[in-house]
Every structure is written in C-alpha cells, then in structure tokens.
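Here is a walk through one structure, meant to be read with the model open beside you. Take it a section at a time and turn the view as you go.

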Number of protein chains: 2
Amino acid sequence: MSHDCRVDTALEILVGKWKHHILFQLMKHDVMRFSELKRAIPGITQKMLTSQLRELEANGIVDRKVYAQVPPKVEYMMTAYGESLQPVLAAMHEWGEKHVQYLQSRDTNKQVQRPPESNDWI
Amino acid sequence: MSHDCRVDTALEILVGKWKHHILFQLMKHDVMRFSELKRAIPGITQKMLTSQLRELEANGIVDRKVYAQVPPKVEYMMTAYGESLQPVLAAMHEWGEKHVQYLQSRDTNKQVQRPPESNDWI
DNA sequence: CAGCATCCCCTCAGATACTG
DNA sequence: CAGTATCTGAGGGGATGCTG
C-alpha cells in the first residue's frame, strides 16, 4: 500500500554518474581488474571508481576478489544476483534508444539519422 | 560522452527525487490537477512538483493542459509516448521488490549464503 | 597496483515569501 | 489555484597528493 513502488530502490542502485558504466563493463567482460575498469571507463577517477564499486559490492551486485600479492591484484565481477539486473538495464537501454530517436524526430527534421552502434547492451 | 549504452538516457528521465512518484500517480489516475498531484505525493513542495513536471513535459513524457479561467486550472496526464515508460518502470519496480527481500534475508542471516541460481527474480 | 585522505566546487533540493 | 523568486545547506563528484 504505502509501498508506492520500489522503483526508487532500483534507482538507488543505478544512480550515480558512473555506476551503470561499471555494470556495463562487468557484464561484458566477466572479470576485470581495477586498472582495467579504469581504462575501460574514460574520465572516471580512482576515487569515483572505488566508491561506486564499494556501493555495488555492499548491495551484493558485484564481487571483489583480492589476491594477497605484491603488487596488489584485485578483480571485480558481477555476482549471480547482480546478473538479475540485466533485464532492467536492457529495458532502460532499449527505451533510451527510442527516446533519442524520439527527441531527434521531434526537435528537428534536418537532423541526420543516428549511425549504427556496435557496443550496445546485449 | 558515453556512446556505448543508452541507460543514462533513461536515467536522466527517471532520476530526481520525485519524478517517478509523479509518473506513478499519473499512470494510476489518467488525469490530475496540480493540487491533486501535490496532495497525492506527501512531502513534495510546489517548487519541486513544478520543476519536475516541467522536465517531464519538456521530454514529452507528460502533457500539460491549461484552462483559461479564474481560478486557474491545469491538468496533467501521461502522453501516449510517456506510456512507453511503463515496462521500464515495471521492470525496475519488480527488481526493487526482490532487492528489498534480498537485503532483508542477507542482513538477518549473514552466515548462510543464498543460493543464487534457484531464484525467480526476473 | 589499488587504493585512502583532503580540499573544494557546484548542483539539487528544502524552506519561505510573493503573485496573477 | 498554480505557480515564480530567493536564499540556503547538504552531499555528490572532481582534482590532487600520499601509501603499503
């Protein structure tokens, strides 16, 4: 009743300037080291990457594996539970694409059609 | 910046402390006046309600109908296009519910690992 | 390599007051 | 009734430096 809806719960997980980029990478690559993630997400700082990963970890979305060695090696991967976000992200991605087209067709007619992309969500 | 996925496009529409509450109400009621929305969403201020509605309107999600009369009367409703958000919100809501349960079961029983594959989320 | 610690800025959103 | 107009504080996020 007062649950209104749990959309905000999902939003809390996804909101954050970089969180869905991280999820995108981890869903694409299975396992990634910290530096790999940083390289794969242009513009992100260590601080942001760390904090966002910590939040995702605290929510059970990603797993963190630390190897006791020097130099340090830390691997990140989606948890099985985290994978359950896939349909949600897919729905958002799909709608987002439609919305981009919608805005283009609405705002102006001289706008060129969007070129094909290769790195979409599954 | 990120051309690899359109999740952020959907996020831009949904993010905002009150936006999904407004969408929830408008999807439930078809047509609502400004004051009805304000009453239906406890805690929201006029400023927030106005600004969020303006953004939704600018994105073609909601429609604003002004009656030229005194006192003023303004009605808000989902656009046909805005209705296309419904499956996205439904997916997020569904996942949010599962996540709440997941957090509860994880917090109340920290020793036992939850079997990830035998589940019905999604 | 993978971080933590600081400092700082800027936006979001709350409170309050005013208006056609 | 349905809005504007201001002021303000909190915190999300950036830049930089240090460390095991």
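## Starting at A:Thr9

Where is A:Thr9 found? This residue sits in helix H1 of chain A. Bear in mind as you look around that this is a predicted model.

Is A:Thr9 buried or exposed? Its relative accessible area is 11%, and because buried means under 20%, A:Thr9 counts as buried. If you set aside the neighbours within four places in sequence, A:Thr9 is in contact with B:Gly96, B:His99 and B:Val100.

## Helix H4 of chain A

Next, have a look at H4(A), which covers residues 46–58. With 13 residues at 1.5 Å a residue, this helix should span 18 Å, and its end C-alpha atoms are indeed 18 Å apart. Just after H4(A) comes A:Gly60, with a positive phi of about 75 degrees.

Which residues of H4(A) are buried? They are A:Leu49, A:Gln52, A:Leu53 and A:Leu56. Looking down the axis of H4(A), you'd find these buried residues within an arc of 100 degrees, so they line one face of the helix. The general background is that an α-helix has 3.6 residues a turn, so residues three or four places apart point the same way.

What do the buried residues of H4(A) pack against? Their partners in chain A are helices H1 (7–14), H2 (19–29) and H3 (34–40), plus strands S2 (62–67) and S3 (73–78).

## The hairpin in chain B

Over in chain B, strands S2 (residues 62–67) and S3 (residues 73–78) run antiparallel, joined by six bridges. To get your bearings, find B:Val62, which stands opposite B:Met78 in S3(B). The connection from S2(B) to S3(B) is a hairpin through five residues.

The loop between S2 and S3 of chain B also holds B:Pro71. A cis peptide bond joins B:Val70 to B:Pro71, with omega at about -5 degrees.

## Around DNA strand D

How many residues surround DNA strand D? There are 19, and the closest are A:Lys17, A:Lys47, B:Ser35, B:Arg64 and B:Tyr76. Of the atoms of DNA strand D that come within 4 Å of the protein, sugar and phosphate account for 66%.

Several side chains put a polar atom by a phosphate oxygen of this strand. For A:Lys17 the distance is 2.6 Å, for B:Ser35 it is 2.8 Å, and for A:Trp18 it is 3.1 Å. The elements giving two or more residues to the surface near DNA strand D are H4 of chain A and, from chain B, H3 (34–40), H4 (46–58) and S3. H4(B) gives the most, with four residues.

## Around DNA strand C

DNA strand C has 17 residues around it, and those that come nearest are A:Ser35, A:Arg64, A:Tyr76, B:Lys17 and B:Lys47. Here sugar and phosphate make up 68% of the strand's atoms that come within 4 Å of the protein.

A polar side-chain atom of A:Arg64 lies 2.5 Å from a phosphate oxygen of DNA strand C. For B:Trp18, an N or O atom of the side chain is 3.0 Å from a phosphate oxygen of the strand. What lies 2.3 Å from an N or O atom in the side chain of B:Lys47? That one is a base oxygen of DNA strand C.

At least two residues each come from H3, H4 and S3 of chain A and from H4 of chain B to make up the surface near DNA strand C. H4(A) supplies the largest share, three residues.

## Backbone oddities

As a rule, most residues other than glycine have a negative phi, and most peptide bonds are trans. Against that background, have a look at A:Asp30, whose phi is near 70 degrees, a positive value in a residue other than glycine. A:Asp30 is in the loop between H2 and strand S1 (32–33) of chain A, and is exposed, with a relative accessible area of 57%.

In chain B, B:Asp30 also has a positive phi of about 70 degrees, although it is not a glycine. B:Asp30 lies in the loop between H2 (19–29) and S1 (32–33) of chain B, and at 57% relative accessibility B:Asp30 counts as exposed.

Back in chain A, the peptide bond from A:Val70 to A:Pro71 is cis, with omega near 0 degrees. You can find A:Pro71 in the loop between S2 and S3 of that chain.

Notes. Residues numbered from 1 in each chain as written. Chains lettered and ligands numbered in written order. Predicted model: local features only at pLDDT ≥ 70, side-chain atom pairs only at ≥ 80, totals over all residues. Heavy atoms only, no water. Expected span 1.5 Å × (residues − 1). Buried < 20%, exposed > 50% of the residue type's maximum accessible area, 1.4 Å probe, protein only. Arc of directions from axis to C-beta. Contact = heavy atoms within 4.5 Å. Pairing = 2+ DSSP bridges. Near = heavy atom within 4 Å. Polar contact = N/O pair within 3.5 Å; in protein donor to acceptor, adjacent residues only side chain to side chain.
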